[in-house]
There are 2 protein chains.
Amino acid sequence: MDNTFFVEHHTPNAGILMRVKNTLHKEKSRFQDIEIIDTYEFGRVLLLDGKVMLTERDEYIYHEMLIQPAMVCHPSPKNIVVIGGGDGFAVREILKYDIDTVSLVEIDERVLTVSREIFGCSWLEDPRVRVYYKDGTEWIKHRDGIDIIFIDSIDPEGVALSLVGSPFLKRCKQSLSVDGIFVAQSESPFYHKKFIKNYLKRLNSVFTIVKLYIAPIPTYPGGIWSFVFASHTVTPTSIHRDPPPSLRFYTPEIHGASFSLPKEFKEFLYE
Amino acid sequence: MDNTFFVEHHTPNAGILMRVKNTLHKEKSRFQDIEIIDTYEFGRVLLLDGKVMLTERDEYIYHEMLIQPAMVCHPSPKNIVVIGGGDGFAVREILKYDIDTVSLVEIDERVLTVSREIFGCSWLEDPRVRVYYKDGTEWIKHRDGIDIIFIDSIDPEGVALSLVGSPFLKRCKQSLSVDGIFVAQSESPFYHKKFIKNYLKRLNSVFTIVKLYIAPIPTYPGGIWSFVFASHTVTPTSIHRDPPPSLRFYTPEIHGASFSLPKEFKEFLYE
């Protein structure tokens, strides 16, 4: 048994560890450190700047909960955009629906190239997929008529900071169709309460409907993660279609439950 | 900053780490290693045989979710029993209601003594509390008319193994009043799926109504934990009273949401 452990510190004082079989890839791209390790407990794990982006064992929870709620609530989701999501897994979830196009807008070409090499991601060959290696805040400026925008980004710092700012949120609103939905990963309800509260304030100044929902993700900080669902007209309670049968985590019942927030956390967000 | 870390391996290949300020207590009792450490991230942490039983930062989630659902669903909860729970925190939640007695049945006197010394647990002075230093499987044999039995035990191995076996479950059924409810912590839906499935089978052969529910607990294995709610007559959807205002996690909405299980996990349990 190998005695090498990968450690991610979620704060200076707490973190997780995973026993490592070996390192499959390691490089410094123009934007970040990209590493894929193989672990005994969680399978292959994509790390960006030393943080777990996905593990083979529990990525389905994150990706289904990021993508499925908006896909079942939009009256007719045809043109979809993913900003970030360079590992390609969010696109897999979207392609389970009868859509026209999904645009993957990833700033770091190397993330997608390495993910394809190691995880396969054969679904990216689907003719409905369009890949852009661009800064999402620039790319979005020239677009309109988008049905759903998904923000599948790294933590809001460095290159990703502008993805949570008001100018970008306003631009997303303009780029969405009337029934459009904006969904973003929004960090850990356990460790990043203040960020979430401020992010919701900014979203509320741009969108009419803004709701937070949560899901348990064992390898993410605190074991629980949050997402925002924002729209002009579409509420997350209006479910228009059945989810695809291939899902592993998401059900309509889980959909409803995920919008129930713990008492103290909810009071903190809306006080 | 201290550079000592406590590590708990949830499996040989994965675990959590916490930076330690200092060790407040350490002993080997007749039954187990008892240790309380002070940590930077989670406050004081009770460890039994090296496993996190509670941390000051997130214990409220575990204890509210263990206790509150049954307390609001029972038509008239007066005589309550906690088996295990030697740290005393489960009793704190029960005393928020207008009950007659709560019996705390803990096999290891040292756990309660050390918890009182370090955590205070002033609520244990309440005259409604009765403490028994007994094996729960023996103690329960001479009792009847109990309204709710809570099993707040360590993992089902060693001395706690008999608490999940059919003879004990049948005895609990006999000791409960007609409207009685049996609630137990039932391990991690991420790491202990097979245990949970087998435990539900045994419960189903004893009780008419058996439902599993889940809650996110950051310092427990997988960051998510399960509980069973079992009864002859009382369903977990029939809520009889408002929860006490002092709660931090539980709400009636969370109550409902906690019974929604992830798709694949639910299929595994009930296939």
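Trainee: Leaving aside its neighbours within four places in sequence, which residues is K173(B) in contact with?

Mentor: Two residues are in contact if their C-beta atoms, placed from the backbone, lie within 7 Å. By that test, K173(B) touches V206(B) and F207(B). Before going on, note that this is a predicted model, where local features need pLDDT of at least 70, side-chain atom pairs count only at pLDDT 80 or more, and totals for chains, interfaces and linings use all residues. Residues are numbered from 1 along each chain as its sequence is written, while chains are lettered from A and ligands numbered from 1 in the order in which they are written.

Trainee: Thanks! Where is the place of K173(B), and is K173(B) buried or exposed?

Mentor: K173(B) sits in helix α5 (residues 166-175) of chain B. Helices (H or I, at least four residues) and strands (E, at least two) are DSSP runs, numbered from the N terminus. For burial, count the other C-beta atoms within 10 Å, again placed from the backbone: 20 or more is buried, 12 or fewer is exposed, and in between is partly exposed. K173(B) has 18 of them, so it is partly exposed. For a sense of distance, the C-alpha atoms of K173(B) and N3(B) are separated by 49 Å, with their positions 170 residues apart along the chain.

Trainee: How many helices and strands does chain A have?

Mentor: Chain A has eight helices and twelve strands. Its radius of gyration, taken over C-alpha atoms, can be set against the globule rule, 2.2 Å times the number of residues to the power 0.38. Chain A comes out at 18 Å, close to the 18 Å that the rule gives for 271 residues, so it is as compact as a globular protein of that length. Of those 271 residues, 48% count as buried.

Trainee: Why is strand β7 of chain A largely enclosed?

Mentor: Four of the five residues of β7(A) (residues 101-105) are buried, so the rest of the structure largely encloses this strand.

Trainee: And how should I read strand pairing?

Mentor: Strands of a sheet pair through backbone hydrogen bonds, either parallel or antiparallel. Here, two strands pair if DSSP finds at least two bridges between them. β7(A) pairs with β6(A) (residues 79-84) in the parallel sense over five bridges, and I83(A) stands opposite V105(A). In chain B, seven strands form an open sheet of mixed pairing, in the order β8-β7-β6-β9-β10-β12-β11. β8(B) (129-132) and β11(B) (209-216) stand at the edges with a single partner strand each, so one side of each lacks a neighbour in the sheet. β11(B) pairs with β12(B) (residues 224-231) in the antiparallel sense over eight bridges, with A215(B) opposite W225(B).

Trainee: What rotation superposes chain B on chain A?

Mentor: Two copies of a chain are related by a rotation about an axis and a shift along it. The fit is by least squares on the C-alpha atoms of residues with pLDDT of at least 70 in both copies. Here the rotation is 180° with 0.0 Å of shift along its axis (RMSD 0.0 Å). That is the relation of a two-fold axis.

Trainee: How many residues does the contact take from each chain?

Mentor: Chain B gives 30 residues and chain A gives 30 residues. On the side of chain B, β2(B) provides the largest share, six residues. β2(A) (residues 14-28) and β2(B) run antiparallel and are joined by five bridges, and I16(A) has I16(B) as its bridge partner. Finally, 100% of the interface residues of chain B are also interface residues in chain A, so the copies meet through the same surface.
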